[in-house]
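Work through the exercises below with the model open. Each task is followed by a solution in steps.

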Amino acid sequence: MNLENREKQDYNVLSLTSLEKLEPVRIRPGMYIGSTGTKGLHHCIWEILDNSIDEISNGFGDKATIILNSDKSVTISDNGRGIPTGIHPIKKKSGVEMVYTELHTGGKFDNKNYKTSGGLHGVGAAVVNALSEWLEVKVSQNGHIYRQRFEYAFDKSLNKYMPGTPVTKLEIMGNTGETGSSVTFKPDKEVFSTTDFKFEVIDERLQELAFQNKGITLEFIDNRKKEPITKIYHSDRGLLDFIDYLNESKTPIHKNPIIFEGEREINKIYMQAEICMQFTDSTTEYIASYVNNIPTTEAGTHETGFKTGMTRAFKEWAKKLNLLKEKDKEFDGDDLREGMTAIIKIKLSNPVFEGQTKTKLGNSEANTMMNDLAYTKISEWIEDNRELAASIINNAIQAFSRREKIKKINEAEKKKIGKGAAPLAGKIAACTLKDSSLAEFIIVEGDSAGGSAKQARDRRFQTIMPSKGKIMNTEKQKLENVLASEELKIFTAAVGTGVLDNYSESNLKYDKIIIMSDADVDGYHIRTLWMTYIYRYMRQLISNGHLYIALPPLYKVYKETKNKEVVKYAYSDEELAQVKKEVGRGSLIQRYKGLGEMNPDQLWETTLNPTTRTLQRVTIEDAAKAEKMVSLLMGDVVEPRKNYMYKYAEF
């Protein structure tokens, strides 16, 4: 904009816009729930469920229920005390209306009603209301059943349509001797890209919550099909059941897990922690951490403190047990944690999260407490289990030795690359663009499809790597064997980040890593093998949103008209009937049996062209689920995998 045009524009008080009531949530939903996709949709459930779990974990009630209704609404109820129904003396509104129409309204700010809580900021209930077509609250309290309904409706006081508008007052609907809250809401399809809740996502979350809160009962009812599904979740052993669940497909090297707990108050912040850990024969570590029942997938100070205290304890005892001499190089925490599965559960009165979606803890007090607790309790355990501890320490020393050897291998590979001796020539077709933010690296199943993809691609920004077939199952291989694999070396060198501790996001040469395989059993297997390698060795590619699955269509449905050819694609047998209706009578169907059968034009049109293709981003929605599935599908223990396959035979 030039100076002359700028001078013609007035910028004054009339240029300012003030958003009313819940409008800010509607305008910027991502600030409150992370996204408007599947993750954000389910986050709405978690916000309401967190309130129920807070009631239960603070001793008020023992059961919560989630019901998926046939009209795409969801009901979450509990037998807690119920949302306050009284009229606020200053606001002149009921507690229910305040909680569901005002941001930062709740009973969790002063720790008087809740010693610890997951629903921290007092915005969750109101946010869900703002993003719903309608929301209805029922409260059982004081011998009565109260009800109030909110909708995206016309607000007379503001003379415009507003989200979360009360369309009824808080009414008494009947009498009861019970207490509790029940919230039903229907996510607004104008806000979310999908309003279909996923059974497996909710199933996994409820299973985790049951493990974390032993003795409580959670119920899940899916009424969306002709025959409803009901599941009950309950654990009497808590984290001991959880670690058995996570290690089902691994072989523990000690039968009884290490479990300890403690509590402390620092800077007027009350903290209570419980840790359960077990070492296995796996080559990778896995830590599941939670703050006030909320998964902290990006870790935080509680994990850091645990790791520091644990490493300190084992290093001291390594010297006491004469396993390390003064002149020996010490192993690192990463070496010690190789093969370890751990669950860290902490509850604290004033957690500081990074962002509303609460995936990383920031309290320095949690670091101090977990460091001291882990050091003290693990030292005590080592003293009582010296032989087993010595075995764990020796494993760490061996892991350190392997890491040093691998470092030398990596340095040698870097020198080869520097001299132009890297085994990339002829293996991949590199793009010409040097801007990594626009570049794509595409792994294509098979030489035939790889050849077509090389012809079809846009060579400016798309790099193609044909995959000969099935790479090694990295879940079952030793680290040195994985790093020696020719095909994996090519991939890693091309992507540029390095692996494990050497991973560096700043060296990433591509914004998108895309796995492109056939939609058949072999294709799924190849996809799983690549995802296993990336999950274990380059997990940041997933957590930072760089890994994608290409979804080639199964059918092309087309029809010639006088003016043009009408073309639609179907990605499943179920979708085919709908697509045929859209194209209309006289449509023709082409079945794609595999990527190798597509000519370059078809491959570009369906799978490579950014404007017409369909990509699915791979996310770590639920780290515990991802960890378990990789171990189950790719590990050595056969029985759990067999049971899974019988259970999901149709898939």
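For the first exercise, a patch is made of residues with over 30% relative accessible area and no salt bridge, and nonpolar side chains are joined within 5 Å. The model is a predicted one.

**Exercise 1.** Identify the nonpolar surface patch formed by Y152, F154 and Y161, and state its accessible area.

Solution. Step 1: Y152, F154 and Y161 together make up a nonpolar patch on the surface. Step 2: their joint accessible area is about 320 Å². Step 3: Y161 belongs to strand 5, residues 160–166.

**Exercise 2.** Decide whether A153 is buried or exposed, and list its contacts.

Solution. Step 1: A153 sits in strand 4, which covers residues 144–155. Step 2: buried means under 20% relative accessible area. Step 3: A153 has a relative accessible area of 12%, so A153 is buried. Step 4: beyond its neighbours within four places in sequence, A153 touches K160, Y161, M162, T165 and V167. Step 5: the C-alpha atoms of A153 and V167 are 7.7 Å apart, with the two residues 14 apart in sequence.

**Exercise 3.** Locate the largest nonpolar core relative to the domains.

Solution. Step 1: the largest nonpolar core has 47 residues, and F441, F491, W530, Y533 and M538 have the most contacts inside it. Step 2: helix 16 (residues 521–537) supplies the largest share, seven residues. Step 3: this core lies between domain 2 (239–406) and domain 3 (421–543), because both give residues to it. Step 4: leaving aside neighbours within four places in sequence, the contacts of F491 include F441, W530, Y533 and M538. Step 5: a second, separate core has 45 residues, among them L41, I48, V137 and A210.

Terms used. Residues numbered from 1 in each chain as written. Predicted model: local features only at pLDDT ≥ 70, side-chain atom pairs only at ≥ 80, totals over all residues. Heavy atoms only, no water. Patch = residues over 30% accessible without salt bridge, like charges linked within 9 Å, V, L, I, M, F, W, Y side chains within 5 Å. Areas by Shrake-Rupley, 256 points an atom, 1.4 Å probe, with all protein chains shown as cover. Salt bridge = Lys/Arg side-chain N within 4 Å of Asp/Glu carboxyl O. Helix = DSSP H or I, 4+ residues; strand = E, 2+ residues; numbered from the N terminus. Core = buried A, V, L, I, M, F, W, Y, C linked by side-chain atoms within 4.5 Å. Buried < 20%, exposed > 50% of the residue type's maximum accessible area, 1.4 Å probe, protein only. Domains from an automatic or database assignment. Contact = heavy atoms within 4.5 Å.
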